[in-house]
Amino acid sequence: MEKIKVILADDNKTLSDFIIKNLEKHDDIEIIGIAHSDEDEIKMIDELKPQIVLTDLMRNGEYSGLDIIKNYSQKNDSPKFLIISAEIITVDIIRLSNVAGYIQKLNIDYDKLYNEIKRIDDDMKGTPVSEVHIPNNKKTKSNFFHNQYL
């Protein structure tokens, strides 16, 4: 089984540790990098070539995570970005071609986070939505993120 390669980019080290601890429980996800600064995030994306980047929009009081997403939206080989943020996102952010999802940072549901990563991976592989499996052997035909926000 090929693992989903993920980078986590967030300046909150405590939250990052919780996210990593919960994602490491899953055999199909490989955390290939943890970035606590913009420079680290850019370097890891360029060098490690993740499939998915879990990123916060605001770091150190600035929307630098958003700037990184916008920069990579112009590239053909951009990873998909799953935004994990306390910030409210706008339709303009959602419509960036490389933004694949959004999870509110407050009270993160780790099962939902895992399911979103799996959904994004399935979307990238072109798996038909009717074949996307959710734990407990349930299938879903809904794409919550896109149905909710687009």
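**Figure 1. The aromatic pair of this predicted model, formed by Y72 and F81.** When the whole structure is searched for aromatic pairs, one is found. The pair consists of Y72 and F81, whose ring centres are 6.3 Å apart and whose planes meet at 45°, an arrangement that counts as tilted. The pair is tilted because its angle of 45° falls between the limits of 30 degrees for stacked rings and 60 degrees for edge-to-face rings. Y72 counts as buried because its relative accessibility is 3%, and F81 likewise counts as buried, with a relative accessibility of 0%. The view also takes in K75, which lies over the face of Y72 at a distance of 4.4 Å from the ring centre.

**Figure 2. Helix α3 and the elements that cover its buried residues.** Helix α3 runs through residues 64-73, and because seven of its ten residues are buried, the helix is largely enclosed by the rest of the structure. The buried residues of α3 are S64, G65, L66, I68, I69, Y72 and S73, so a reader who has followed the previous view will meet Y72 again here, with its relative accessibility of 3%. For reading any such list along a helix, it helps to know that an α-helix has 3.6 residues a turn, so residues three or four places apart point the same way. The cover over the buried residues of α3 includes two helices, α2 (38-48) and α4 (91-94), together with the strands β3 (52-55), β4 (80-85) and β5 (99-104).

**Figure 3. Strand β1 between its partners β2 and β3.** Strand β1 covers residues 4-9, and five of its six residues are buried, so the strand is largely enclosed by the rest of the structure. With strand β2, which covers residues 29-35, β1 pairs in the parallel sense over six bridges. Between these two strands the chain passes through helix α1 (residues 13-23), and the resulting β-α-β crossover is right-handed. With β3, strand β1 also pairs in the parallel sense, here over four bridges. V6 makes a useful point of reference in this view, since its bridge partner in β2 is I31, while its bridge partner in β3 is I52.

**Figure 4. Strand β3 with its partners and its buried side chains.** In a regular strand the side chains alternate between the two faces of the sheet. Strand β3 shows this arrangement in its four named residues, for I52 and L54 point one way while V53 and T55 point the other way, and all of them are buried. On the β1 side, V53 stands opposite I7. β3 also pairs with β4, in the parallel sense and over four bridges, and in this pairing L54 stands opposite L82. Just ahead of the strand, in the loop between α2 and β3, lies K49, a residue other than glycine whose phi is nevertheless positive, near 55°.

**Figure 5. I103 in strand β5 and the residues around it.** I103 has its place in strand β5, and with a relative accessibility of 4% it counts as buried. Leaving aside residues up to four places away in sequence, I103 touches L82, I83, I84 and S85, and also K112, L113 and E116. L82 is 21 residues away from I103 along the chain, yet the C-alpha atoms of the two are separated by 7.5 Å.

**Figure 6. N107 in the loop between β5 and α5.** N107 is found in the loop that leads from β5 to helix α5 (110-125). N107 counts as exposed because its relative accessible area is 77%. Although N107 is not a glycine, its phi is positive, at about 55°.

**Figure 7. The whole chain, as a setting for the close-up views.** The chain has six helices and seven strands, which follow one another along the sequence in the pattern β-α-β-α-β-α-β-α-β-α-β-β-α. Of its 150 residues, 45% count as buried. Among contacts with a separation of 6 or more, 62% are between residues 24 or more positions apart. The surface that the chain exposes is about 8,400 Å², of which carbon and sulfur atoms supply 46%.

Definitions and conventions
Residues are numbered from 1 along each chain as its sequence is written. This is a predicted model: local features need pLDDT of at least 70, side-chain atom pairs count only at pLDDT 80 or more; totals for chains, interfaces and linings use all residues. Side-chain values use heavy atoms; hydrogens and water are left out. Buried means under 20% relative accessible area, exposed over 50%, partly exposed in between (1.4 Å probe, protein chains only). Contact means heavy atoms within 4.5 Å. Rings of Phe, Tyr and Trp (its six-membered ring) pair if their centres lie within 6.5 Å; planes under 30 degrees apart count as stacked, over 60 as edge-to-face and the rest as tilted. A charge sits over a ring if NZ of Lys or CZ of Arg is within 6 Å of the ring centre and within 35 degrees of the ring normal. Accessible areas come from the Shrake-Rupley method with a 1.4 Å probe; for residues, only the protein chains shown count as cover. Two strands pair if DSSP finds at least two bridges between them. A crossover is right-handed if, with the strands pointing away from the viewer, the path from the first strand over the helix to the second runs clockwise.
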